[in-house]
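I opened my notebook today to get to know a new protein chain. Here is what I looked up, entry by entry.

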Amino acid sequence: MRDLSSTSGVAALASSPAATELLQLRTKLAHALQTSLDSNTIIRLFFEHAQPLIGFNGLRYCASTAGSEQPLQLGRQATHQCHYTMRLADHRLGELTFYRRQRFSESEQQTLETLLASLAFPLRNAQQYQEALQLALIDPLTRVGNRTALDNALERERQLLMRKGEPFALILIDIDHFKQINDQHGHRRGDKVIRVVADTIDHVSRGTDMTFRYGGEEFALLLSGTGAAGALITAERLRSAVEALHITHDEAIIRPTISLGISACLDAKETAGALIDRADRALYRAKKSGRNRSSCEPPVPELARLVHSDTQQRL
């Protein structure tokens, strides 16, 4: 295993028997690697440009970021391998393994290291770009998705409904009397209530459901492949779980409750805005009816009777 944090691409280049050809390839490779900000695409470009020169049979790339995708495998694995850990300063870029049926010579390893020196900065830029994109979709207080992430997810669900006919549902969740919590216990304790409620929603919901902070003390839960009946069952489970909370902070005990508004999308022609409006109306009814309860808004008027009948049968 070799660590490229101290590899000198210039020294490797100078000792190569085909220095001119290598320099031309490295220049061409550097230009190609600047055309993308996707890590896997950059690794594929590297494979396409480096493989003809070195003649390796396969490549495996494993990113080092938490929650990263499965390792990228290109070509085929073989008996012999050359493994590199890539770093730039304190930034770990991941691990690359090259496979070949015969052993890599010392000069071939030097050539690989020269080419890998051209890979390091584009790969770091791509990882930092992807991390920035992810952070732009996360609410900093609760670490769940933000409003932009919700909009993106709603569009994906609508496209899935259009292609496969799978319905989905939206639950809007509001912490009851949250202003009173802030007024009586302070904003610091109010922030803790928001975090604990977000964690509870994320824990109680299914692994396929997606939690978002919609704004302030309001959350959204997006349920894939779920109609109004299933969403109502989930909403009641969430409501009961939050009602059972005893949040302590500096000797204060806070027992929050939530109100929930549910809408299910059965028609891909319905806009995300219309779906949110229906869930918002249902949430308003739940709060007006006394809070700490769930309310479901039927889809479009002509489907209201169908959804109501389905809900009664499943409950």
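In which loop is Arg291 found? I looked it up: Arg291 sits in the loop between helix H9 (272-288) and strand E12 (294-297). I note that this is a predicted model.

**Entry 1: the loop before E12**

I checked the backbone angles here. Arg291 has a phi near 65°, which is positive although the residue is not glycine. Is Arg291 buried, partly exposed or exposed? Its relative accessibility is 27%, so I wrote down Arg291 as partly exposed. For that label the value has to lie between 20% and 50%.

Asn292 belongs to the loop between H9 and E12 as well. Its phi is near 55°, again a positive value in a residue other than glycine.

**Entry 2: into strand E12**

Next I moved on to Ser294, which is part of strand E12. Which residues does Ser294 touch, leaving aside those up to four places away in sequence? My list reads Leu232, Ala235, Glu236, Arg239, Leu260, Ile262 and Ala286. I also looked up the C-alpha separation of Ser294 and Ser259: it is 5.9 Å, and the two are 35 residues apart along the chain.

**Entry 3: the whole chain**

I stepped back for an overview. The protein chain has ten helices and twelve strands. Of its 315 residues, 44% count as buried. The exposed area comes to about 16300 Å², with carbon and sulfur atoms supplying 49% of it. I looked at contacts too: among those with a separation of 6 or more, 63% join residues 24 or more positions apart.

**Entry 4: H2 beside H3**

Now for a pair of helices. A reminder to myself: two packed helices are described by the angle between their axes and the distance between the axes. Helix H2 (residues 19-33) and helix H3 (residues 39-54) have axes that come within 10 Å and cross at roughly 165°. An angle over 145 degrees counts as roughly antiparallel, and H2 and H3 are therefore roughly antiparallel to each other. Their crossing is right-handed.

Which residues meet here? From H2 I found Glu21, Leu22, Leu25, Lys28, Leu29, Ala32 and Leu33, and from H3 Ile42, Leu45, Phe46, His49 and Leu53. By kind, the residues of this contact are nine nonpolar, one polar and two charged.

**Entry 5: H3 beside H4**

How do the axes of H3 and H4 cross? They come within 10 Å, at an angle of roughly 165°. That makes H3 roughly antiparallel to H4. I put this crossing down as right-handed.

On the H3 side, the residues in contact are Ser39, Ile42, Ile43, Phe46, Ala50, Leu53 and Ile54. On the H4 side I counted in ten names, including Leu112, Leu116, Leu119 and Leu123. The residues of this contact divide into 13 nonpolar, three polar and one charged.

**Entry 6: one residue of H4**

I ended with Leu123, which has its place in helix H4 (residues 106-135). Is Leu123 buried or exposed? At 0% relative accessibility, it counts as buried. Not counting residues up to four places away in sequence, Leu123 touches Ser39, Ile42, Ile43, Tyr61, Met86 and Leu93. Ser39, Ile42 and Ile43 are also among the H3 residues that meet H4. Last lookup: the C-alpha atoms of Leu123 and Thr41 are 9.8 Å apart, with their positions 82 residues apart along the chain.

Terms used:
Residues are numbered from 1 along each chain as its sequence is written. This is a predicted model: local features need pLDDT of at least 70, side-chain atom pairs count only at pLDDT 80 or more; totals for chains, interfaces and linings use all residues. Side-chain values use heavy atoms; hydrogens and water are left out. Helices (H or I, at least four residues) and strands (E, at least two) are DSSP runs, numbered from the N terminus. Buried means under 20% relative accessible area, exposed over 50%, partly exposed in between (1.4 Å probe, protein chains only). Contact means heavy atoms within 4.5 Å. Accessible areas come from the Shrake-Rupley method with a 1.4 Å probe; for residues, only the protein chains shown count as cover. Axes are lines fitted to C-alpha atoms, for helices over the stretch in contact, and angles run from 0 to 180 degrees between N-to-C directions. Angles under 35 degrees count as roughly parallel, over 145 as roughly antiparallel, 65 to 115 as roughly perpendicular and the rest as oblique. A crossing is left-handed if the near helix is turned anticlockwise from the far one by less than a right angle, and right-handed if clockwise. Ala, Val, Leu, Ile, Met, Phe, Trp, Tyr, Cys and Pro count as nonpolar, Asp, Glu, Lys and Arg as charged, and the others, Gly among them, as polar.
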